[in-house]
Every structure is written in C-alpha cells, then in structure tokens.
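User: I've got this model open on my screen and I'd like a close look at one spot in it. Once that's settled, please carry on into the rest of the structure.

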2 protein chains.
Amino acid sequence: MEKNSAIYKIRHSLAHILAEAVLELYPHAKCGSGPATDTGFFYGFDFNGGDTPGESDLNAIEKKMRHLLKQSVIPKQEIITTNEALKRFETSPYKVEILKEKGAENNDKISVYTIGKFSDPCSGPHVKATKDINIKGFRLERIAGAYWKGDEKNTMLTRIYGLAFKDAKELAEYDKQQKESKERDHRKIGKELDLFTFSELVGPGLPLWTPKGTLLRTNLDNFVSELRSKHGYSSVTIPHITKKDLYEKSGHWEKFGDELFRIKTRENKEYALKPMNCPHHIQLFARMPHSYKNMPQRYAETTMVYRDEQSGELGGLTRVLSITQDDSHVFCRHNQIKEEFFKIWDMVDTFYEVFGFELSVRLSFHNPENLDNYLGTKEIWENAENSLREIAEERKADYVEMSGEAAMYGPKLDFMAKDSLGREHQVATIQLDMNLPERFDLNCINEQGEKERIVMIHCAIMGSLERFTAVLIEHLSGNFPLWLAPEQIRIIPVSETHNEYAQHINNELKAIGIRTSLDDNNESMGKKIRKAKKDRLPYFVVIGDKEVEAKNVTLESRRGESKQINLSALANHLLAEIDTKSIT
Amino acid sequence: MEKNSAIYKIRHSLAHILAEAVLELYPHAKCGSGPATDTGFFYGFDFNGGDTPGESDLNAIEKKMRHLLKQSVIPKQEIITTNEALKRFETSPYKVEILKEKGAENNDKISVYTIGKFSDPCSGPHVKATKDINIKGFRLERIAGAYWKGDEKNTMLTRIYGLAFKDAKELAEYDKQQKESKERDHRKIGKELDLFTFSELVGPGLPLWTPKGTLLRTNLDNFVSELRSKHGYSSVTIPHITKKDLYEKSGHWEKFGDELFRIKTRENKEYALKPMNCPHHIQLFARMPHSYKNMPQRYAETTMVYRDEQSGELGGLTRVLSITQDDSHVFCRHNQIKEEFFKIWDMVDTFYEVFGFELSVRLSFHNPENLDNYLGTKEIWENAENSLREIAEERKADYVEMSGEAAMYGPKLDFMAKDSLGREHQVATIQLDMNLPERFDLNCINEQGEKERIVMIHCAIMGSLERFTAVLIEHLSGNFPLWLAPEQIRIIPVSETHNEYAQHINNELKAIGIRTSLDDNNESMGKKIRKAKKDRLPYFVVIGDKEVEAKNVTLESRRGESKQINLSALANHLLAEIDTKSIT
C-alpha cells in the first residue's frame, strides 16, 4: 500500500480516531501505537488500572468514532523538538519510550499530528479533513492481545483492529471475499475431499497424503514431467541426507543456520537433512567430465526437502517441514542461458494457463547492503542480475524488481499467480546461479579442448507441491478439472436392479483408464447425488430403468448439465476432455 | 555347511595341516586358531620374533602342505583334562588363553586332535585319513591381518586363507564363478553403464542415481505398481521424519536402537528419520473410521527409509544408508489374511519370473528365547506364525523355517531368489503383523456395528530397490531386457551422409515412446558398434547406403542376430517385445 494513497491516509487517520474514541470512553487507557494495515488499521492500548473493553464493546467504540467523524475536523501537523514532545506526552509512558529512542539525545525535530482532541507523535500522512472518510466504509473487527513492540518481555497491550475501505461497497466486497476464502480454505476442502491429513504423533507441518491426495500430486507432477521431457530434461534420484562436508563446500552449512535439520550419527559424524537439492545434483553432474557437445545437462527431480521451521509458524499446507519441490537444475554454458530460460518460461506459461491463473513477474535481486547473506562477489551478482533483466526485457515481460529477495546463490525470476479471488501467490521460480559452479569448479570442455566455467539454472515450476496444491484447491474451490480429479466420474444406479448394468459401465470406463467408482450403497438416489456433488466430482452418471433399456446413461456434470449418452460417446467425451486438460 | 559333511571335515583338517606346515617353515610362529569357512579354511598366527610370510611365500607353504598330505596320516583324537592340556600347550600362549577360558577352573575334559606332528585343542570332526583330501582340490588364497578374537585391543595376528573343494574341478568351478562375479560386480557395471555414482562429499552408502539409473529404477517400480494396481492398491505419500511420539507408541524408539537417525530441532524437540514406513501408514489408516465394506485398505509407497549403519559395513548398493523400499501395507480383517497373502504371492511370482529368478521360501519366525527383542505376547506370535505356516502349506510351497529372523512386530514369509550364478539372495518379503494394530488400536466396524480388531500385512516386492538393482545387474550381467533397458536402441549411421535418414528413424522411434539415441559422432563404424556393445544395448541399428536406398535398417541384437527390417516392422517388433517383457 502506497503511503501517499488515499486509502492509506484514511486508514491511518482512522487509527488516530480510534485512539481518540477509546480515550474518551476509557480515560485510564495508555496509548501504545497504531498504524494502517493492508485492510484497515489497529491501535494498541494499555488498559491496566481500569476496565478493559471486550468484543461486545466494539459497537460502542465504533459509534463513538462515527460521532467524532461527523464533527469533521482538519488534522493538524506541528513540528516540535523532542524535548517539547516529551513534555507534552509526559503522561503517556509508551510515547515517552518511543520519543526517547527516536532522538531525545539530539533533541531532534519531530512531527506531531492532532486530530480533534487526540495528539500523537506521527509523521503522517493523514486525510485533509475527516469528512474525507466514509463512515460506512469502516468497521471495528476484533480485539487481540499483543506484546508491546512484539517482545514477550514487555507488557501485553490490547489491540483493537478495524477494517477500512473507500466505501460500504468495497467493505462488503472484502467481507464477501473473506467469506469465500474461508469456505475455500484448503484445510477445510482437503478434509472434505480426503486429500491429506495430519497426525499429532507425526507432528504439525508433516502432511500425510491419502490415496486421493497422492493421485492429485501425481497428476500434477506428471504434467510437469511431460513438459520437461519435451525439453530434454532427465529424472535423477538423490538421498535426503548428506555428510556435513557437502554443505560446508556449498555454503549451506554456514548460511542456512537454524533452518537446517542436523543429525549426529552413531559414529558421531555430522549429517544434515537436505533443505535444497542443488549440491546433490551438482555431485551428479560432477561424476564425469562433460564435452560441450553434451551441454546443457538438465536434471529434474520431485523430492522432499526439509526445513526446520518454528512450530508456531506451521499451518495447513502453506508452511510445512517436508516440502516437495518439483526441482530442476540445468547445467549450461553462458551462451545457452537465454534459450534455457525461455524454455522454462514457456513451460511455466503452459502450466499456469491450464488452471486459469494470471501470471506476473518479479525479479528478485540481492540486497547490496547485506552482501554477507549471499555467496559470491558483487561482480558476479551484477553480472547475473543484468542477464536476468535482459531476459525479461527480451521476453517483453511486465516485471518489477525487488531488492533483498534473491536466493543465497543468485537472483531469481519469480512468477506471481493471481487466483480466482484476486489474491497473489508466489509460485514458479527460475534462478540464475554463477556462484555454486564457482565453488564446485564446474566445467565443460569447450571446442578448443579447454575447461570452460558453466552456469546453473535452478527452477521449480510448481515451487512446493504442498503450497501449490493449497493455492490450487482454493483457486478452484476443490473443483478439479477432469484430467486432474482423483475421482473422475461416479456411477450411480437408481436401485439394486440397476447394479449389474452400472457395474458393466464402471468396468468399461476403468478399462480405458478412467478413474471411476460405483456407488451401489443401499441409499436413496437423492442422497447419493448429494454426496457426488459434495465430493465435487466433475461428472456422475445415473442409471435407472430408462437407461438400462436404452443402453445408455444419464451424464450429469458438476455444472448442472445433464444429457443422455451411450457408452462409447461417453468414453470419447471423457478422453477428449482429459486430453485437452480442459477446465470444467 | 553341515559340520558332519565330507567337505567340512576336509576344510577343517586342512586348517590343521596349514598350521603344521607353517610351524615347520616358521618355527617361531605362535598358533592362534583356525576354522573351516564356507569356501575353505584359515589359520591365524603370531609371527612376532621372526620372519612373517607374505603373499609370495604362499607357494612354499602350499608345497609343504602337499608334502605333508602325501605322507597320509590318520588324525588321532584324545580326551584329556584341561590341566593336562595346559601343560602340553604351555609354549602356545593363545592356546593357553582359550583353555583357561574354556574350563580350567573345573579341570573339564577336552578333546585334542593330532594330525602328523601338530596337536590342537579341537572337538573335530576331521577326515578319517589325510589321503581323503584331494591335493588338487585346495589352494592357499591370501594373507590378511586380523585382531586376535576380533578385538582391536588384542595383538594383530596374520591370517592365511585357503580355498578347498572336493576336487580340482570344483575348485576350478569356484574360481570361474568368482571371476564371473567379479566381472559382474554391480559396482563395476553400474559405473560402466553410468547408472549411479557416489560422492565423497555426500558420503558412503548414499548413492546418487544418474538419468539412466533413475530410468531403471522407475521402470522396475512401475512394473510393481502395475501389478499392485490390478490388486486394488493405492499410492500414498508420507514425509521422511516424525516426532519421537510416533515411534514411542510404535516401539521403534526403543527397539531400533542405534540404527535410528535421531534429530533435535531448533526448538529442542526430538524427531527421527523413518527407518520403516508402517507407523506413518498406520496414521493414514487411522485418519477416519472404516466400515467392513471398505476393507481391506491397501496402501503402497516407494520411498526412502534411513538406517544408521556403521560406515565400515557400507559397500556399493548392497548396504546403504538410504534404502528405497517398494513398501505396502494391507489393513484387513482376520478372514481376509489368506486371500491378501495369495494376491501378494502371485505378484511376487510374476515379478521374479520375468527376470528368470528361481524362488524359494523361508518362514522367518521369532526366537522364543529372546522375546525381549520383539513386540507383543507369546500368544500373538504363535497365532501369527501358525497362520503363516498354514498359508505356506495351502500354497504347497517348499519352505524352511528359521528361528530368530522375524521382524520386531511379526513373522515373515521371505522369498529367496537364486541368480544365474547360483547365488541366493533374500528379496521379497510378506509380513503378518498382529502387534502394531494392537498398539495403535486399529479397527474396522463390522456387520454388527462393533469395533473389530484388524491385522496388518507388510510387503515389499523388490525389498530394497538398491539391493534388488545390485542383484539384478549381477544376475543379468547388465544385459537388461528391452522393456527395462534405460537406452533401448541406438541408431548408428555409417557416415555423415546417412545422418539425415538416421535422424528420421530416431525421431520416429522416439515418437512411439522408444528410448532411442543417435550416435552421429564423427567416429569409425567399428568404434561406434563396439561402444554400443559395451553399453549392453539390447539392439542397435546400422544405416548405410544400402539401408537408405532400401528404406530399411539393419537391426543388430545384443545376442549377435542381424536382419534387414523396415521401420514399421522394427517398431512392431520392439513394441511387442516390450509389451511381453521378454528376456532378450
């Protein structure tokens, strides 16, 4: 959110007005601080020594805010010295603390804003007048405890959160999207569709994938593999552990820090669980000398990597300890970089288009002020980043550059996918690496018979299968296209007398590779159909007297279409839809 | 080897005669001990205080042995008291040490054998007369150091090893098999065919699989998956780590001991790398209640497990830290055990027949004297073992029973495969487990609506992919059948002018899914053909003027057959051979 945008100013001013309202209703409250957020604002208070408001008091506070807003005041900025400010805010211990940190020593000038009766050290910006704030565009949302400055050694303050948008319509849209997000939550749908589960004994962040979930993963992974094999990629296989030596040489031992799962063997040797696959794949590449004739070498592997995350940060599939990457490494010559990048870019475009995602591009560069976090020299980084920029230009991509988002070994070209709710997710990534080839002395023998330093391109199309699956479930609300659906079609006989014919249809479809099932449970038609819909099946087929007699079936789609169709037409219909990977 | 067999007696007597020969040639030598081995015999000596023989002295010792044998003596047994023996062997410190351990305190009676001039405390048995030993049936093999009693705190003795068989013919056969084994060594062929590699930085016991090796694994695994999917198995996916809690409940934390790779997280929680998949799969099964209608549930997963082996024990693919199991778990009712076992048995038969392995069966039962090593009660074990015996009987299998070879949770039905060199390898395993369902309280809801305790059947068809691949490489000497070969056919143009047509053939075969390659290197025909043979390709195709003109190819098989064939006949030939999984 731009600091100078209208909505930022509205949210920021509302934080001040919230403070003013709270101070009027709870005069004993001490103000902490309160910024604008991506969806509104909050303010933190210390209510010690008097009443603390609860959720049921939010209405009253909100009413007071609206009352203040109706008076329409003009926010007033003053520039005063820190000493003057310390005097003015002497009864507000948290303000005093901040002022002292900021510049009390030098008695710097600071900015103070006053809106109505409430003053706050604050550099703005704010709305020109409070009448610019639509009183139907905001709502107080919730109350939560939060340590002062996020440090658990400090006092727990009470934060009041509000939502704020331009007007009532935008607020309603946000509410709707929130409701939709909640209904589409991948944890909820994942359970409903029986895709994955968690076990308390195994631990959080370690999903267990059911037969249906595994089919989903396999279908996705096969799609990526097909694309890759067209471009000359080969699969390789590595173990999940390594001696410390590999990571000392690669730099992971030093740079990966706490996130590395470390192991001591019975012989007291140090090993680690791999957090990345590159060093292992490098060892594969380095098993023999390579002629320029055999370059590039392209290795792909879908495999789990492990990162030791804090348990509080784990949730659903979006933050896990066991991360399945559809990883690949291209070892190529400098003059092959562009072609290899474009090949990958084509694959990424094809892959995401199939699901109806809109892609945008971010060039994730290193932070020059923090060179210690990275491997290699300034020159290598500039070189690699220039190559990336050139590639993006040549591809005529609409891209943004972000400092500090690079991998430890090189800059990244990251793809952001916009989902059907308008949310952005980082998905595919292509990374240009001139550092690891240097550290591991990777070469090919060129036309002159000389050793030539090569480069590496790291790429994951889905990124993490766990995160991509979560994004996809929410994007499609669990309505997977036919080619991807773990269960593609269900055969529903109306009553027991139709079981035999239903079984026949089921067998015939199975024989041509359709993932079909037969629901011959002794239950009512209505119940079976409701179940098929709840299971979000692309298709189900109903078989009663009419169908048995006409030797056809009634095909019902998830979208509500219904038609009579014979077996061979049904088979062709399904196979064609699978083949084209249509979105249903 | 039976202790009363003729060959055992021959080998045992030869050990004594070796000692006699050594003492005549090296009178300062002190005798350690020397048993018969599976292929001959050895004896350990302390040569301190005089000359130590080297490999070049083996001939002279062997000659002395033959000389002694020609004198034909009758081995003589005496039973004397330990005190008498201590006196008789007082100049032999190692003998004294053994005698003292054996029964010096009680002055027990012991057996002493004398052959020629050499006496040894020894309980026999020996040949009746040394003329029973064929002097052309043995040979001294090598010299190696070994700590006295295998304890590195003791003196290093010098061991002299010999080979011994019934006659010269058997010895020659053994030599031939050894030579053949050496040529077929999977480490040698694995390197020649570029299937896998090891990296010093990653560490021993952690193979890295190349593109070709990964294809080999994938083809094998797909074969198992096809068999399983016909029998209603579904794939599932689990992570490689777990909280300690899972293994405390399963018993692995306690019973697996040193072999478990243990991990401490940044939050100081204890995790482990999985040495087995069963507890994770159990958590998957337990995610929901199961009706008897949905039993059995069959989960399959090819995944790596990790066991912390001593580094000295690691070698090639036969002993690794990262073990890929083609694992499966059937959760079924008691009355379904037999049917499920038979299904698996069918799959095992089909799988091994394709490669021409001969199978035999071993029932691996628990050791009743060591109940502490196992989970569960005596009753559960007897129950499970009786079921297994019944199944083997009903299958009319020729089986042996082995005590002490069970898994920690249940008895096993192990399959032994005899390879083309006549060597036996333990391969597939089916295990009946009534203990883990008890520990994890696994049930289904039966026809009466009651909870019913279920059982588990653990099974791996290949066992470990690493070990199976090693066995298969040596069994086939790297000559993989067409369906399995990473590279199925190679197109060899005679000269540059044939490249275009060769490329056409290559593309056409690729388009129908054949793993083909084009060798258009600027090298002589002879060299290219030698390379194709060395790479053990099932087929290669030569294209010269004649072929271009006739619009066909010359197809050469690994076996030396050669024929002219057109493209469509070639395609059909290859596809049919792949489809039937023929051995070529």
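Between which two elements of chain B is the loop where Pro296(B) is found?

Analyst: Before we start, keep in mind that this is a predicted model. Pro296(B) sits in the loop of chain B that runs between α10, residues 278-285, and β14, residues 297-306. What makes this spot worth a click is the peptide bond leading into the proline: from Met295(B) to Pro296(B) the bond is cis, with omega near -5 degrees. As a rule, most peptide bonds are trans, and most residues other than glycine have a negative phi.

Chain B has another cis bond to look at, from Gly124(B) to Pro125(B), again with omega near -5 degrees. Pro125(B) is in a loop too, the one between β5 and β6 (138-147) of chain B. For an unusual phi, hop over to chain A: Asn268(A) has a phi near 70 degrees, which is positive although the residue is not a glycine. You'll find Asn268(A) in the loop that links β12 (262-264) with β13 (270-273) of chain A.

From the loop with Pro125(B), step back to β5 and you're in a sheet. In chain B, three strands make up an open, antiparallel sheet in the order β3-β4-β5. Its edge strands are β3 (76-81) and β5 (118-121) of chain B, each paired on one side only. On average, neighbouring strands here are turned by 30 degrees against each other, ignoring direction. β5(B) is joined to β4 of chain B, residues 109-115, by four bridges in the antiparallel sense. If you want a residue to click on, Val112(B) has Pro121(B) in β5(B) as its bridge partner.

Now for chain A. There, three strands form an open sheet in the order β3-β4-β5, with antiparallel pairing. β3 (76-81) and β5 (118-121) of chain A are at the edges with a single partner strand each, so each has one side without a neighbour in the sheet. The average turn between neighbouring strands of this chain A sheet is 30 degrees, direction ignored. Six bridges tie β3(A) to β4 of chain A (residues 109-115), in the antiparallel sense, and Thr81(A) stands opposite Lys109(A) in β4(A).

Further along chain A, have a look at β16, residues 358-365. Seven bridges pair β16 with β18 (residues 412-418) of chain A in the antiparallel sense, and Ser364(A) has Lys412(A) in β18(A) as its bridge partner. With β17 of chain A, residues 399-403, β16(A) runs parallel, and five bridges join the two. There, Arg362(A) stands opposite Val400(A) in β17(A).

That leaves the place where the two chains meet. Chain B brings 58 residues to the contact, and chain A brings 58 residues as well. In general, the accessible area lost when parts come together is often used to give the size of an interface. Here the area buried between chain B and chain A is about 4,700 Å², with carbon and sulfur atoms giving 62% of it. On the chain B side, Leu201(B), Thr237(B) and Arg266(B) supply 16% of the area this chain buries against chain A, more than any other three residues.

As for polar links, there are two salt bridges between chain B and chain A. One is between the side chains of Arg287(A) and Asp194(B), at 2.7 Å from N to O. Across the interface, 25 residue pairs are in polar contact, both partners at pLDDT 80 or more. The side of chain B that touches chain A is made up of 24 nonpolar, 17 polar and 17 charged residues.

Technical notes
Residues are numbered from 1 along each chain as its sequence is written. Chains are lettered from A and ligands numbered from 1 in the order in which they are written. Side-chain values use heavy atoms; hydrogens and water are left out. Contact means heavy atoms within 4.5 Å. Buried area is the accessible area (1.4 Å probe) that two parts lose on being put together, summed over both. A salt bridge is a side-chain nitrogen of Lys or Arg within 4 Å of a carboxyl oxygen of Asp or Glu. A polar contact is a pair of N or O atoms within 3.5 Å; within protein, one must be able to donate a hydrogen and the other to accept it, and residues adjacent in sequence count only if both atoms are side-chain atoms. Ala, Val, Leu, Ile, Met, Phe, Trp, Tyr, Cys and Pro count as nonpolar, Asp, Glu, Lys and Arg as charged, and the others, Gly among them, as polar. Two strands pair if DSSP finds at least two bridges between them. Axes are lines fitted to C-alpha atoms, for helices over the stretch in contact, and angles run from 0 to 180 degrees between N-to-C directions.
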